[in-house]
Amino acid sequence: MTIRVLLADDQALLRSAFRVLVDSEPGMEVVGEASDGAEAVRLAREHVPDVVLMDIRMPGTDGLAATRQIGADPALARVRVVILTTFEVDDYVVQALRAGASGFLGKGSEPEELLTAIRVAAAGDALLSPAATKGLIARFLAQGDTGAVPDPARAERLAALTGREREVLVQVAGGHSNDEIAERLAVSPLTVKTHVNRAMAKLGARDRAQLVVIAYESGLVRPRRD
């Protein structure tokens, strides 16, 4: 199946470069371009792309507000937003993930990293930037939300999870893939995927990235500062 991509960036030159890259990749196509967040939301509703590459800072309606609107629209539940940012780790990125973004990518990333990010996000398996190492999620959350206390509402929702689902959630928050989690817990990857999907359904998470945010905000996992 062809992965349909929407580009949202206020710099026309960057959009053109992204379009050439994406359109030249087999199995991908650009279905629209937006120069601000409001246009991105409108085009997302019109085309319902698989992935939106969203610049975080744009004039008018910025990428953060646009991500919130896309994330709140039930008709766009299957749309994955990947945030494009000059600095990979900042508070805007943290807020965007809470708003429903599936991941983030630095604008200085290599072309293959961008294409990989699109594939991973479209598959629903994004753990943020393809260049991110295990534990990066914890570090950027710590930097973006220093001193935060666990969210009681998030913590209460964890009560709906089984013991095994909580174990899997901890592993997901650690940046581990399904195969790695399966090896750690001595179960099959399919079993891990089932637990992940059930946890997402119970917690109202759109994808793995939101599961990670919930794990930290609920206090189930503590940010590392190493």
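At roughly what angle do the axes of helix α9 and helix α10 cross? The legends below begin with that crossing.

This is a predicted model, in which local features need pLDDT of at least 70 and side-chain atom pairs count only at pLDDT 80 or more, while totals for chains, interfaces and linings use all residues. Residues are numbered from 1 along each chain as its sequence is written, and side-chain values use heavy atoms, with hydrogens and water left out.

**View 1. The crossing of helix α9 and helix α10.** The axes of α9 (residues 178-185) and α10 (residues 189-203) come within 8 Å and cross at roughly 105°; an axis here is a line fitted to C-alpha atoms, for helices over the stretch in contact, and angles run from 0 to 180 degrees between N-to-C directions. Helices (H or I, at least four residues) and strands (E, at least two) are DSSP runs, numbered from the N terminus. The crossing angle makes α9 roughly perpendicular to α10, a label for angles of 65 to 115 degrees, whereas angles under 35 count as roughly parallel, those over 145 as roughly antiparallel and the rest as oblique. In this contact (heavy atoms within 4.5 Å), Asn 178, Asp 179, Ile 181 and Ala 182 of α9 meet Pro 189, Val 192, Lys 193 and Val 196 of α10. Sorted by class, the contact of α9 with α10 has 5 nonpolar, 1 polar and 2 charged residues, where Ala, Val, Leu, Ile, Met, Phe, Trp, Tyr, Cys and Pro count as nonpolar, Asp, Glu, Lys and Arg as charged, and the others, Gly among them, as polar.

**View 2. Salt bridges at Arg 19.** A salt bridge is a side-chain nitrogen of Lys or Arg within 4 Å of a carboxyl oxygen of Asp or Glu, and the structure holds 12 of them. Arg 19 meets Asp 23 in one such bridge (3.3 Å, N to O), and both residues lie in helix α1 (residues 12-23), 4 residues apart, about one turn of the helix. The side chain of Arg 19 also meets that of Glu 33 (2.5 Å, N to O). Glu 33 lies in strand β2 (residues 28-34) and Arg 19 in helix α1, so this pair ties together parts that are 14 residues apart in sequence. Relative accessibility is 37% for Asp 23, 28% for Arg 19 and 25% for Glu 33; each of these values counts as partly exposed, the class between buried (under 20% relative accessible area) and exposed (over 50%), with a 1.4 Å probe and protein chains only.

**View 3. A salt bridge within helix α8.** Arg 164 and Glu 167 meet through their side chains in a salt bridge (3.2 Å, N to O), and both lie in α8 (residues 163-173), 3 residues apart, about one turn of the helix. Arg 164 is partly exposed at 30%, and Glu 167 is also partly exposed, at 38% relative accessibility.

**View 4. Helix α2 and its surroundings.** The buried residues of α2 (residues 37-47) are Gly 37, Ala 40, Val 41, Leu 43 and Ala 44, and what covers them includes β1 (3-8), β2, β3 (51-55) and α3 (63-72). Asp 36 caps the N-terminal end of α2, with a side-chain oxygen 3.2 Å from the backbone nitrogen of Ala 38. After α2 comes Val 48, whose phi is positive, near 45°.

Technical notes
Polar contact = N/O pair within 3.5 Å; in protein donor to acceptor, adjacent residues only side chain to side chain.
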